[in-house]
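Subject: Structure handover

Hello,

Here is the structure for you to look over. My notes on what turned up follow below it.

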Amino acid sequence: MTRFSTKLVHSDDPLNRVPDVVSPINVATTFRYPTDPNELHAVADLPDGRYPEDQLIYSRLAHPNGEKVEAIFDSILGQPSVIYSSGLAAFYALITKFNPKRVAIGPCYHGCKKILDIHTRNFGLVQLSYSEEDLDKLQAGDLIHIETPVNPLGTSKDIKWFAEKAHSKGALLSVDSTFAPVPLQDPFLFGADIVLHSATKYFGGHSDLLAGVLAVKSGEEIKKDLIDDRMYLGTNIGNFEAYLLLRSLRSYDLRILKQSSSAEKVVKFLDSNKDRFKVLQKITHSSLQQEPFVKEQLPNGFGAVFSIFVDSKETAKYLPSKLKYFHHATSLGGVESLIEWRAVTDPYADKSLLRVSIGTEDPQDLIEDLEQALLSFN
Ligand SMILES: Cc1ncc(COP(=O)(O)O)c(C=O)c1O
């Protein structure tokens, strides 16, 4: 059995095209056809109208480093996976392929909601809440979409509960696992049908690329359809981004495990010192949840994003400027710690909320930095 960190370094070995240990940056958009005319076929004559998977044609369909990245995701996510130009492109692909008439959705990354709003506007898609009454309205072919841990709170939802609800209606469950990617959480083990990630975050890990991935349970055939759709939606990952993501995946497990353990330490410090900070009202993170399902879903560590609520919108606006080691910026999952007054980008965010993403710095430095910033308001 090949283990997790080995998969990150070697799952794409069968796709090596050159002796270079590091796959070269490949910028070609188009690839020469076979020189032997006997190997040439009209696409309409091919089974399913599809080219053989190993034949590179045009980079909107596939390119060498994109295929390598996909081989790694197939292996670490454990189900057929398709890579996209962003997390939202992956969510758009999911909605386009499965074409649900009703989607039950709750608090989540606002961009996913905005995509559903486009489908509601254009096609009359019905959006439902997670209330029992609404979930009862789901029919076969519909979708429940959850995000766990959820953006921006970093708290967990019970995947098994939602999977049972969805399946009892013949609907599907999709889980956005961006905030706790494998090996922290594997939603397939708890009944998810589709798993989505913004690979821009932890998998990329260096705040220098946009990417997304969809993995579909037993989805060998669905993967082919998704790749066909992706070709015509024009949402394949770019050549250079695929190179960067491949580089990032090699060291991904070292980053995620450190970020996870550092975040737990920082949250623990803030929670146990809450009374010392006049402006600190509340901290939200899976590590502070008491429900037994949380630890079961996150057996190898919690996500590295949490939120703090402070006493006012003004404090939330000023606090980031007091910090030395946290950039005040959106996004998460990179090696550098970030803090965000979430109201800047999220129209649904509470205005006293600051979202914190823990990077790979020494956690003690991060604790001391947050401590001095919070104490400055006493
Ligand atoms: C939970 C979650 N899902 C999806 C996305 C969208 O990903 P991307 O920015 O790669 O399109 C984000 C972005 O922040 C996110 O936080």
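A term is needed before the pockets: a pocket is an open set of points on a 1 Å grid, with protein on both sides within 12 Å along at least five of seven lines. Its lining residues have an atom within 4 Å of a point. Please also keep in mind that this is a predicted model.

The ligand pocket

By that definition, 22 residues line the second largest pocket. Nearest its centre are Leu88, Tyr109, Asn151, Ser198 and Lys201. The volume of this pocket is about 370 Å³. Its lining divides into 11 polar, six nonpolar and five charged residues. Two elements, helix H3 (87-98) and strand E6 (194-198), each supply at least two residues of the lining. E6 gives the most, with three residues.

What takes up this space? The ligand does: the space it takes is the second largest pocket.

The ligand and its shell

The ligand is surrounded by 13 residues. Gly87, Asp176, Ser198, Thr200 and Lys201 are the closest. By class, this shell has six polar, four nonpolar and three charged residues.

Which atoms pair up with the ligand? Here are three polar contacts to check in your viewer:

- Asp176: an N or O atom in its side chain is 2.7 Å from a nitrogen atom of the ligand.
- Lys201: an N or O atom in its side chain is 2.9 Å from an oxygen atom of the ligand.
- Leu88: here a polar backbone atom is 2.9 Å from an oxygen atom of the ligand.

How much of the ligand does the protein bury? Taken alone, the ligand exposes 390 Å², and the protein buries 92% of that.

Leu88 and Lys201 thus appear in two places. Both are among the residues nearest the centre of the second largest pocket. Leu88 pairs with the ligand through its backbone, whereas Lys201 uses its side chain.

The largest pocket

The ligand takes the second largest pocket, but do look at the largest one too. About 1100 Å³ of space lies in it. The largest pocket is lined by 38 residues, and Pro52, Glu53, Asp54, Ala62 and Glu67 are the closest to its centre. Helix H2 (64-77) and helix H7 (220-233) are the elements that give two or more residues to this lining. H7 provides the largest share, eight residues. By class, the lining of the largest pocket has 17 nonpolar, 15 charged and six polar residues.

Backbone points

Most peptide bonds are trans, and most residues other than glycine have a negative phi. Three places here deserve a look in that light.

Two cis peptide bonds come before prolines. The bond from Thr148 to Pro149 is cis, with omega near -10 degrees. Asn151 and Pro152 are also joined by a cis peptide bond, with omega about 0 degrees. Where do these prolines sit? Pro149 is in the loop between strand E4 (143-147) and helix H6 (159-168). Pro152 is found in the loop between E4 and H6 as well. Note that Asn151, which precedes Pro152 in the cis bond, is one of the residues nearest the centre of the second largest pocket.

The third place is Ser218. Its phi is positive, near 50 degrees. Ser218 lies in the loop between strand E7 (212-216) and H7.

Best regards

Definitions and conventions: Residues are numbered from 1 along each chain as its sequence is written. This is a predicted model: local features need pLDDT of at least 70, side-chain atom pairs count only at pLDDT 80 or more; totals for chains, interfaces and linings use all residues. Side-chain values use heavy atoms; hydrogens and water are left out. A residue is near a molecule or strand if one of its heavy atoms lies within 4 Å of it. A polar contact is a pair of N or O atoms within 3.5 Å; within protein, one must be able to donate a hydrogen and the other to accept it, and residues adjacent in sequence count only if both atoms are side-chain atoms. Accessible areas come from the Shrake-Rupley method with a 1.4 Å probe; for residues, only the protein chains shown count as cover. On a 1 Å grid over the protein atoms alone, a cavity is a set of points where a 1.4 Å probe fits but cannot get out, and a pocket is an open set with protein on both sides within 12 Å along at least five of seven lines; lining residues have an atom within 4 Å of a point. A molecule sits in a cavity or pocket if more than half of its atoms lie within 2 Å of its grid points. Ala, Val, Leu, Ile, Met, Phe, Trp, Tyr, Cys and Pro count as nonpolar, Asp, Glu, Lys and Arg as charged, and the others, Gly among them, as polar. Grid points are joined across faces, edges and corners, and a volume is the space filled by probe spheres set on the points. Helices (H or I, at least four residues) and strands (E, at least two) are DSSP runs, numbered from the N terminus.
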